[in-house]
Amino acid sequence: APPAALAPGGALTAQEGAGTLSVRNTVQQLRFDQGTGAIQSWRVNGRELLVGGPAFNLGESRGKNSGGDDKGIYRAMQPPVASDVRLTATPAADGGMRVAVTGTVLAAAGGSVLGTLTCHYDIRPNAEIAVHWTLDWSADDTRLWEQGLRFTVPPGLTVMNWQRDAYFTDYPAGHLGEPAGTARAGDVSFRASKRGLHWLTLTGPGGPGFALLPLDGPLIGRADTTAKGTTLFASSGLAGDYGLSRQWVEDHAVHAAKGKPLSGSFTLRAIIAAPTLRH
């Protein structure tokens, strides 16, 4: 089972500040940038859990594939950005708050239009956020390396645990395909993509953090740490390299086409501590 959620902290309220929208109760505070629609901060019980994002991840930062012809696959030097953003906050009957973000997604700052963004954050009194996003693609048809969102997390969240579906019942200890495991920032398994997630957690050593859980569809997760900080990736689609089986690659292809929206969903849940894994 995934780590349990926290006890609720009372009904959430929304306040507008100088270019920001804050949603809070006695347990958490979530601050949005009204100009970009991004989350500036998510604090739970005084601890920072998110410090930036989400930004669209279309696989633009992926290096050269392991072989074959990659023509016709989206590639950009910079990640997409949101423009002409509008935020609204609507109280929910259960004491939660829905923040809706709409806008235009550009290939880069000042770049061409990729599509129209719709993103809903259903924020719950127990420090849990259900995220639904849709990108109505309007650019030329192409294939993507990946479709999803990425968040910036504090450098102290360096321990990852996960539980996921796997193809086989037994793996060597530390194998990248194992269904359950623990990794630390810097490990290959920390940044390796994990398909079929039941849950993934990022915590401090023995301390609190948050869990990433699927919502309405498949979820692929990983994290990476660089000199600029730690990034969490939450994706609904991930293409394979041409060095793999051609049929497998085709089955996992990610197509972006006019009239075919890209979408995804997941839940972010604040937790008290890392879970105890059962292998």
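Reader: Before anything else, what does pLDDT stand for as a score here?
Author: pLDDT is the predictor's confidence in each residue, from 0 to 100. This is a predicted model, in which local features need pLDDT of at least 70 and side-chain atom pairs count only at pLDDT 80 or more, while totals for chains, interfaces and linings use all residues. Residues are numbered from 1 along each chain as its sequence is written, and side-chain values use heavy atoms, with hydrogens and water left out.

Reader: What is the average for the protein chain?
Author: The average pLDDT is 89, and 90% of the residues score at least 70.

Reader: And where does pLDDT stay under 50?
Author: That happens over residues 64-68, for which the model has 11 contacts (heavy atoms within 4.5 Å) beyond four places in sequence. Where pLDDT is low, the predicted coordinates should not be read in detail.

Reader: Turning to the open sheet, what is the strand order?
Author: The five strands (DSSP runs of E, at least two residues, numbered from the N terminus) follow the order 1-2-3-4-5 with antiparallel pairing. Two strands pair if DSSP finds at least two bridges between them. Strand 1 (13-16) and strand 5 (47-50) are the edge strands, each pairing on one side only.

Reader: How many bridges join strand 1 to strand 2?
Author: Four bridges join strand 1 to strand 2 (residues 20-24), and the two run antiparallel. Thr13 has Arg24 in strand 2 as its bridge partner.

Reader: A different spot: is Gly110 buried or exposed?
Author: Gly110 is exposed (over 50% relative accessible area, 1.4 Å probe, protein chains only), at 76%. Gly110 lies in the loop between strand 8 (97-106) and strand 9 (113-124).

Methods. Buried < 20%, exposed > 50% of the residue type's maximum accessible area, 1.4 Å probe, protein only.
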